[in-house]
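Colleague: I am new to this one. Please take me through it and tell me what each term rests on.

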Amino acid sequence: MDFELLTIQDCPHSSAARELFSRAVELEGNDPALIAVREIMTDAEAEASGFHGSPAFMVDGIDLFPSTAEPAMTCRVYPTAGGLSGLPSLESLRRAIQARLAA
């Protein structure tokens, strides 16, 4: 499995996203050291990567939280029990990883 965290420069959630992804990956029995972090630098790169905002959590090149938004160099929000947030909950990230691993 290839785990990748995609961010943009100065994303206020980059560090927390890395910690969250590491924790979720580890809880699912994988080595968090395998997570690659890539900074998206251009609109063309966003388009080519299917990047819909920062941070984006990817497994085997598939966004764990599919979006119908146009690819863009922007911040991203996730629905949580407390409302929209710059990060998904640990539980929703784990469910998304489990679903991808089962696919």
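Modeller: Start with a loop. Asp10 sits in the loop between β1 (3–8) and α1 (14–27). This is a predicted model, where local features need pLDDT of at least 70, side-chain atom pairs count only at pLDDT 80 or more, and totals for chains, interfaces and linings use all residues. Residues are numbered from 1 along each chain as its sequence is written, and side-chain values use heavy atoms, with hydrogens and water left out.

Colleague: What makes a stretch a helix or a strand?

Modeller: Both are DSSP runs, numbered from the N terminus: helices are H or I with at least four residues, strands are E with at least two. By that count the protein has three helices and six strands. Their order along the sequence is β-α-β-α-β-β-β-β-α.

Colleague: Why is the protein called as compact as a globular protein of that length?

Modeller: The globule rule is 2.2 Å times the number of residues to the power 0.38, and the radius of gyration is taken over C-alpha atoms. For 103 residues the rule gives 13 Å, and the protein's radius of gyration is 13 Å, so the description fits. The C-alpha trace spans about 35 × 30 × 25 Å along its principal axes.

Colleague: Why is Asp10 called exposed or buried?

Modeller: Buried means under 20% relative accessible area, exposed over 50%, and partly exposed in between (1.4 Å probe, protein chains only). Asp10 has 69% relative accessibility, so it counts as exposed. In the whole protein, 38% of the 103 residues count as buried.

Colleague: What about Asp60?

Modeller: Asp60 has a relative accessible area of 32%, so it is partly exposed. Asp60 lies in the loop between β3 and β4 (62–63).

Colleague: What is notable about phi in these residues?

Modeller: Most residues other than glycine have a negative phi, and most peptide bonds are trans. Asp10 has a positive phi of about 65°. Phi of Asp60 is also positive, near 50°.

Colleague: How do you know whether the bond from Ser54 to Pro55 is cis or trans?

Modeller: Look at omega. It is near 0° for this bond, and the bond is cis. Pro55 lies in the loop between α2 (43–49) and β3 (56–59).

Colleague: How many contacts join residues at least 24 apart?

Modeller: Contact means heavy atoms within 4.5 Å. Among contacts between residues at least 6 apart in sequence, 59% join residues at least 24 apart.
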